[in-house]
Amino acid sequence: MAIITFAAIYIGSYEVSLKIFELSGKKKIREIDHIRTRLELGRDTYHSGVIGYDLVEELCDILSDFARIMQGYRVREYRAYAGIVVKEAKNMLFILDQIKTRTGLDVGILSNSERRFLTYKSVAAKSGFEKMTKDSAAVIDVGGGSIQITLFIHGRVVTTQHLAIGTMRLMEMLYDIEHNFLHLEPQLEELVDKELTVFISQYMHPGEKIRNVILMGDYITEIMRKVPKAANEKNMVDARRFVDFLDKLDNKSVEEISEELNLSNEKDVLVLPSVILYGRLTQAMQAQTIWFPDVDTSDGIAYDYAYEHKIVRSPHDFEEDILSAAKNMSMRYMSYSRHINALIEMSTLIFNAMKKVHGMGRRERLLLQVAAILHDCGKYISLANSAACAYQIIHSTEIIGLSHLEREMVANVVLYHSTPMDPYEELADRMDSDSYMIVAKLAAIMKVANAMDRSHKQKFKNVKAVIKNKELVITIETVDDISLERGLLAAKATAFESIFGLKPVIREKRVYI
């Protein structure tokens, strides 16, 4: 295939970056240039909620320069995104309009989950990833606004948690306390330790250690250059050596740290919270090995484009990550059971039988399976209002691999599989009309599937589903009385029929012992 020159632009909390890549069948993804410009947008967003006019002007000037550089490289395709720093700004729409008008660039907005997943995909494509996560590992992405931690145990995702202790946000929190940055190490350590203590107590078993930490964030490249590498391993260091080096930096001034790491900006105050975060995270996990995969959001943007256009193939099963995270979440809220396994199987069976009717694909089937796994988690909080509680739990919990919108859709499928669907006008602030239709279809399927095992006794064997003469015929074998299931299925049939034009019915093959 021909070589595609591709550009990835990312607007972060304190930096705007441009990476130029060559994408081809042979060399896959090759970085050919990287331009980074410091711009502390987060200082305004996290402090006042609005990005000031002067910073918007400077941002447009930077992006105009990037556009000229892209022309010089004869870039064929590009993707430009802004992160949470712009998303959380009250004047977001005006900023995007100014960028489009003054630079001609279309800039999309990434939610936290979308940005982190882009980076995660490029990390998972690295050859060392499967090896690092096979035992136990924490993938830690340190940003200006927050950090995200994804835990792996025995190669499977346990949880993904978002902590609002990014480097710039920490400095802004302390700036409100005192207006100079002298002797802030103790306060920074207290803030970080408080959040990590809660995380560890909630999501790690007592005495549990995370063998490997996969670390991403600013200054990590410069730090890694100073720490002796593990033998024959690229970008990998012993955790004890890593922490010892950070402890030495911790006792130095910003200027001394910058000099030690050969940073171009000698007064970069964000290097201090970065050093403290890396050290505290490594110690909290009691890790043995630190691996730096040397990727950032721009690499994730390029990888996502290359994967979408079939230039690269992913060696990692991201759907399994999503299902694993959902199952662990279900177990956390004490709702995982044989009934859930039965509901997953029944929902998937019905979904597959109706492909020509519902028009949905593999991604929607995955969302249905996640909803089936999580549909009972609200009972941990309230038996009477379990659906509403489940909605809040799902809506508030990061599931790596699902976008914010997809998580919203799953939460609504869970909510409306047991309650009447509200009209679109009442949900328009949550999702667009296409997403609403998907939620309605998946909720209808799950209503029928759940009715088939309402007793939680798994009475059926050898279940089959086919469409015949305007009916969804579900054929089952059983030795039990299924009067309850027949009655409940009939009660759910109206909503199902109104959406699909099919009536669900049970055909019983009686099995005699």
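## Cysteines

This predicted model contains zero disulfides. A disulfide is a covalent bond between the sulfur atoms of two cysteines. The cut-off applied here is a pair of cysteine sulfur atoms within 2.5 Å. C377 is in no disulfide. For C377, the nearest cysteine sulfur belongs to C389 and is 9.0 Å away.

C377 is also buried, at 0% relative accessibility. C60 is buried too, with a relative accessible area of 1%. Both values fall in the buried class because that class covers anything under 20% relative accessible area. C389 is among the buried residues of helix α18.

## Strand β9 and its parallel partners

Strand β9 covers residues 212-216. Five of its five residues are buried, so the rest of the structure largely encloses β9. The side chains split between two directions. N212, I214 and M216 point one way from β9. V213 and L215 point the other way. Residues on both sides are buried.

Two strands pair with β9 in the parallel sense. Strand β6, residues 136-142, is joined to β9 by five bridges. Here A138 stands opposite V213 of β9. Strand β11, residues 289-291, pairs with β9 over three bridges. In that pairing, N212 of β9 stands opposite T289 of β11.

## The β6, β7 and β8 hairpins

β6 also pairs with β7. Seven bridges join the two, and they run antiparallel. I140 of β6 has I149 as its bridge partner in β7. The connection between β6 and β7 is a hairpin of four residues.

Strand β7 spans residues 147-153. Six of those seven residues are buried, so β7 is largely enclosed by the rest of the structure.

β7 then pairs with strand β8, residues 156-163. This pairing is antiparallel as well, with seven bridges. I153 has R156 of β8 as its bridge partner. Two residues lie between the strands in this hairpin. One residue to check in the backbone is H154, which takes a positive phi near 55°.

## Helix α18 and its cover

Helix α18 runs over residues 386-396. Its buried residues are S386, A387, C389, A390, Y391, I393 and I394. An α-helix has 3.6 residues a turn, so residues three or four places apart point the same way. The cover over the buried residues of α18 includes α14 (318-332), α17 and α19 (404-416).

N412 sits in helix α19. What is its exposure class, buried or exposed? N412 is buried, with a relative accessible area of 0%. Leaving aside neighbours within four places in sequence, N412 is in contact with Y391, R430, M431 and V439. Of these contacts, Y391 is listed among the buried residues of α18.

## A nonpolar surface patch

M334, Y380 and I381 make a nonpolar surface patch of about 390 Å². Y380 lies in the loop between α17 (362-374) and α18. How exposed is Y380? At 47% relative accessibility, Y380 counts as partly exposed. Patch residues need over 30% relative accessible area, a cut-off that Y380 passes at 47%.

Conventions: Residues are numbered from 1 along each chain as its sequence is written. This is a predicted model: local features need pLDDT of at least 70, side-chain atom pairs count only at pLDDT 80 or more; totals for chains, interfaces and linings use all residues. Side-chain values use heavy atoms; hydrogens and water are left out. Buried means under 20% relative accessible area, exposed over 50%, partly exposed in between (1.4 Å probe, protein chains only). Two strands pair if DSSP finds at least two bridges between them. Patches are made of residues with over 30% relative accessible area and no salt bridge: like charges are joined within 9 Å, nonpolar side chains (Val, Leu, Ile, Met, Phe, Trp, Tyr) within 5 Å. Accessible areas come from the Shrake-Rupley method with a 1.4 Å probe; for residues, only the protein chains shown count as cover. A salt bridge is a side-chain nitrogen of Lys or Arg within 4 Å of a carboxyl oxygen of Asp or Glu. Contact means heavy atoms within 4.5 Å.
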